[in-house]
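Let's take a friendly walk through a protein chain together. Keep the sequence and the picture side by side as you read.

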Amino acid sequence: QVYLVESGGGSVHPGGSLQLSCRVSGLSVKDYAIGWFHQTPGKERDLVACISSEEESTYYGDSVKGRFAISRDDAKNTVYLQMNSLKLEDTGVYHCTLDYTVYFCGGNDYWGQGTQVAVSP
């Protein structure tokens, strides 16, 4: 069985920071593409960051470039999303995903239950 468990969400003021964690069991994070999706009610899910298996190359959505950073700890089988300079529009549920690919984060295979981020004045 493959499980993805997110943690680290919470409530912050604009400009604040959070670090989300995605602990994976059942597969090794170093072998697959791991992504973070942002979901808000009434909107489609939005891929905000992806880290590939090969060379740990990364992708960021335009709305988070320069503010968010995705990283991986193979020993802990965990992927992190460091979120800085948070904005009101970053509010939502963040899901970690694992795809059976090396480079592409499509959210097509495994999802975690999500962790809530609330940015408010």
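## Gly16 and its contacts

Once neighbours within four places in sequence are set aside, Gly16 is in contact with Met83, Asn84, Ser85 and Leu86. To find Gly16 in this predicted model, look in the loop between β2 (10–12) and β3.

Now try a pair of glycines. Gly16 and Gly112 are 96 residues apart in sequence, and their C-alpha atoms are 24 Å apart in space.

## The chain as a whole

How many helices and strands does the chain have? There are zero helices and eleven strands, so the pattern along the sequence is simply β-β-β-β-β-β-β-β-β-β-β. The radius of gyration is 13 Å, close to the 14 Å that the globule rule gives for 121 residues, so the chain is as compact as a globular protein of that length. Along the principal axes, the C-alpha atoms fill a box of roughly 40 × 25 × 25 Å.

Of the 121 residues, 46% are buried. If you take the contacts with a separation of 6 or more, 58% of them come from residues 24 or more positions apart. On the outside, the chain exposes about 6,100 Å², and carbon and sulfur atoms supply 49% of that area. The chain also has 9 positive and 14 negative charges, and the mean positions of these two groups are 5 Å apart.

## Strand β8 and its partners

Next, find strand β8, which covers residues 78–83. Is it largely enclosed or not? Five of its six residues are buried, so β8 is largely enclosed by the rest of the structure.

Strand β8 pairs with β3 (residues 18–25), to which it is joined by six bridges; these two strands run antiparallel. Strand β7 (residues 68–73) also pairs with β8 in the antiparallel sense, over six bridges. Thr78 is a handy place to see both pairings: Arg23 stands opposite Thr78, and Asp73 has Thr78 as its bridge partner as well.

## Two residues with positive phi

Here is a useful background point: most residues other than glycine have a negative phi. Which residue in the turn between β7 and β8 has a positive phi? That residue is Asn77, with a phi of about 50° although it is not a glycine. The strands β7 and β8 form a hairpin with four residues between them, and Asn77 is found in that loop. At 17% relative accessibility, Asn77 counts as buried, because the cut-off for buried is under 20%.

Ser85, which you met as a contact of Gly16, is also not a glycine and has a positive phi of about 50°. Its place is in the loop between β8 and β9 (92–99). Ser85 is partly exposed, with a relative accessible area of 41%.

## Ala118 in strand β11

Finally, move along to Ala118, which lies in strand β11 (residues 115–119). Ala118 has 23% relative accessibility and counts as partly exposed.

What does Ala118 touch, not counting residues up to four places away in sequence? The answer is Gly10, Ser11, Val12 and Thr91. As for Lys87, it is 31 residues apart from Ala118 in sequence, and the two are 9.5 Å apart in space, C-alpha to C-alpha.

Notes: Residues are numbered from 1 along each chain as its sequence is written. This is a predicted model: local features need pLDDT of at least 70, side-chain atom pairs count only at pLDDT 80 or more; totals for chains, interfaces and linings use all residues. Side-chain values use heavy atoms; hydrogens and water are left out. The radius of gyration is taken over C-alpha atoms; the globule rule is 2.2 Å times the number of residues to the power 0.38. Buried means under 20% relative accessible area, exposed over 50%, partly exposed in between (1.4 Å probe, protein chains only). Contact means heavy atoms within 4.5 Å. Accessible areas come from the Shrake-Rupley method with a 1.4 Å probe; for residues, only the protein chains shown count as cover. Lys and Arg count as positive and Asp and Glu as negative; His and the chain ends are not counted. The place of a charge is taken as NZ of Lys, CZ of Arg, CG of Asp or CD of Glu. Two strands pair if DSSP finds at least two bridges between them.
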